[in-house]
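Trainee: Could you choose a single part of this structure and take me through it closely, strand by strand where that helps? I would also like to know how that part relates to the rest, and how far the coordinates can be trusted.

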Amino acid sequence: MPIRRLPPELINQIAAGEVVERPASVVKELLENSLDAGARRIDIEIEQGGIRLIRIRDDGAGIPRDELLAALSSHSTSKIAAIEDLQAIASLGFRGEALPSIASVSRLLLSSRTAAADSGWRIAGDGAERVREPEPVPHPLGTTVEVRDLFYNTPARRKFLRSERTEFSHLDDVVRRLAVSHFDVAFSLAHNGRPLLRLPVAGERMAQEQRIAELAGGEFIAQALHLDQQVAGLHLWGWIGLPTAARAQADRQYFFVNGRMVRDRLIAHAVRQAYADVLFHGRHPAFVLFLELDPKLVDVNAHPAKHEVRFREGRLVHDCLFRTLHEVLARTRAGRHDVAAE
Ligand code: ADP
Ligand code: MG
C-alpha cells in the first residue's frame, strides 16, 4: 500500500485507544473537564454501567457557541497555548484529545451555555470533524456531555467490556476518588435512575471527614490522624490511618498532587518508609493526602492517562512526606493522640 494520511475519524479512533478504555475512562475525562471549567456542582447519570449512557452536567464556565466544534476537534484545547505552558500545567486536562476521542467511539452530544450567551447551544459529535452548525437548546449556565452506546462502532473494543456491574464499579471508583479530591464541589451520581451519591460541598473539616467516611469508609476516618504541614513551598495535608487500621490490600490510598490523583513510586516509597517501624509485613496503610506545590515543580505530561507525575525536586517531596508522616506516627506512639500538626 502507498503511504497515505489517515482520515480524521480514524486518527481519533486510534487516539481513543489510549484515552478511552472503558466507561470509567470516559467519566474521568468528562469530570476533569468539568472541574477545569470551575464547576461547583456536577451531576452524573449512568445507564447500564455507562455502556448505554453517561450524562454529565456541570455549572462551570460553559463553551461559547463558536467554540463547540473546536471542542470536538483533535488537539484543540483552551488550556495551553505555547510550549512554555507545558512547564507549569495548572489544569487537569491539556492535550485536547478527550472529547474528539470519545466522540469517535460513541454517540456524543455536547450542550453548553456561557454567561454571555442568552441561550444554550448543542452540537453532535460524528467523529469526522465535518463543519456542523450548533443548534439552540435550552440549557442553564454550564455544560452537559451525553455519551451513548460506547464502542458501538468499534466491536473489537466493545468485546473487551466486562459486565454492566463490573464497568459500573470501575466508574464508581473514579467518581469517588475525584469527589475526595474536590471538597469544594457538590457531586451526585445515579445509576439506572437510582440515586447513589449525593454530596454537598464540604467546606469545613467535619464535613470533609463526613465526605471521606461516605466515599472511603467510616472505619478509616474514625481511626485517622489529621495533618497539615507547610515546608519549603510544599503544602501537605490530609489524613493518615493508624497502623491498626492498615489493610491487607492497598485499596484505601488516595494521593492527590494539585488536585490530580496520582500513583507514584516515589510517594509510595516515602509512605512505606514512614510506616516501616509500625506496620506488620504485608499490611498497607490507609491515607487520603493532598500535596500542593508550584505547578512548575511537577511534570504531569509523563503518562497518557496522567496517573504518573515527575517531580522536579523528587528528593524534597520524598523527604517532606517521609518526615511529616514519620513524626505524626511517632507522636501517636508516644501516646499523644491529637497530632494535628498545625
Ligand atoms: P482538554 O481538556 O485536554 O483541553 P478536551 O478534549 O477534554 O481537551 O476538551 C477540549 C476543550 O473543550 C477544553 O479545552 C475546554 O475548552 C472545552 N471543554 C470541554 N469540556 C468542558 C466543560 N465541561 N466545560 C467547559 N469547557 C469544556
Ligand atoms: Mg479534558
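Mentor: The bounds of a domain, as I use the word here, come from an automatic or database domain assignment. For this protein chain, that assignment gives domain 1 as residues 8-199 and domain 2 as residues 217-333. Please keep in mind throughout that this is a predicted model. Its protein chain has a mean pLDDT of 91, with 96% of the residues reaching 70 or more, and the model as a whole scores ipTM 0.99 and pTM 0.92. As a general caution, where pLDDT is low, the predicted coordinates should not be read in detail.

The part I would look at closely is the open sheet of eight strands, whose order is β5-β4-β3-β6-β2-β1-β7-β8 and whose pairing is mixed. At the edges stand β5 (135-137) and β8, and because each of them has a single partner strand, one side of each is left without a neighbour in the sheet. From one strand to the next, the twist averages 15°.

It is useful to follow some of the pairings in turn, remembering that strands of a sheet pair through backbone hydrogen bonds, either parallel or antiparallel. Strand β2 (residues 53-58) runs antiparallel to strand β6 (residues 142-148), and six bridges join the two; within this pairing, Asp58 has Thr143 in β6 as its bridge partner. Strand β1 (residues 41-47), by contrast, runs parallel to strand β7 (residues 186-191), again with six bridges between them, and here Arg41 is bridged to Ala186 of β7. The next pairing returns to the antiparallel sense, since β7 is joined to strand β8 (residues 194-199) over five bridges, with Phe187 bridged to Leu199 in β8. These two strands, β7 and β8, form a hairpin with two residues between them, and in its turn Asn192 has a positive phi of about 50°.

Two helices that lie against this sheet deserve attention. Helix α2 lies across β1, β2 and β6 and runs at about 10° to β2, whereas α6 packs on the sheet by touching β1, β7 and β8, with its direction making about 170° with that of β7.

The helix α2 also leads us to the ligand. Around ligand 1 there are 21 residues, of which Asn33, Ala37, Thr77, Gly93 and Ala98 come nearest. The elements that contribute two or more residues to this shell are α2 (23-36) and α4 (98-104), and the largest share, three residues, comes from α2. By residue class, the shell divides into seven nonpolar, nine polar and five charged residues.

The helix α6, in turn, leads us to the boundary with the rest of the chain. The C-alpha centres of domain 1 and domain 2 lie 29 Å apart, and the contact takes twelve residues from domain 1 and eleven residues from domain 2. On the side of domain 1 that touches domain 2, the elements giving two or more residues are α1 (8-19) and α6 (164-181), with α6 giving the most, namely three residues. That side of domain 1 divides into seven nonpolar, three polar and two charged residues.

For completeness, a further sheet can be set beside the one described above. This is an open sheet of five strands in the order β9-β10-β13-β11-β12, likewise with mixed pairing, and its edge strands, β9 (224-231) and β12 (260-261), each pair on one side only. Within this sheet, strand β10 (residues 234-241) and strand β13 (residues 287-292) run antiparallel and are joined by six bridges, with Trp239 standing opposite Val288 in β13. Helix α10 (residues 314-333) lies across β9 and β10, and runs at about 40° to β10.

Note on methods: Residues are numbered from 1 along each chain as its sequence is written. Chains are lettered from A and ligands numbered from 1 in the order in which they are written. This is a predicted model: local features need pLDDT of at least 70, side-chain atom pairs count only at pLDDT 80 or more; totals for chains, interfaces and linings use all residues. Two strands pair if DSSP finds at least two bridges between them. Helices (H or I, at least four residues) and strands (E, at least two) are DSSP runs, numbered from the N terminus. Two residues are in contact if their C-beta atoms, placed from the backbone, lie within 7 Å. Axes are lines fitted to C-alpha atoms, for helices over the stretch in contact, and angles run from 0 to 180 degrees between N-to-C directions. A residue is near a molecule or strand if its C-beta atom, placed from the backbone, lies within 6 Å of it. Ala, Val, Leu, Ile, Met, Phe, Trp, Tyr, Cys and Pro count as nonpolar, Asp, Glu, Lys and Arg as charged, and the others, Gly among them, as polar. pLDDT is the predictor's confidence in each residue, from 0 to 100.
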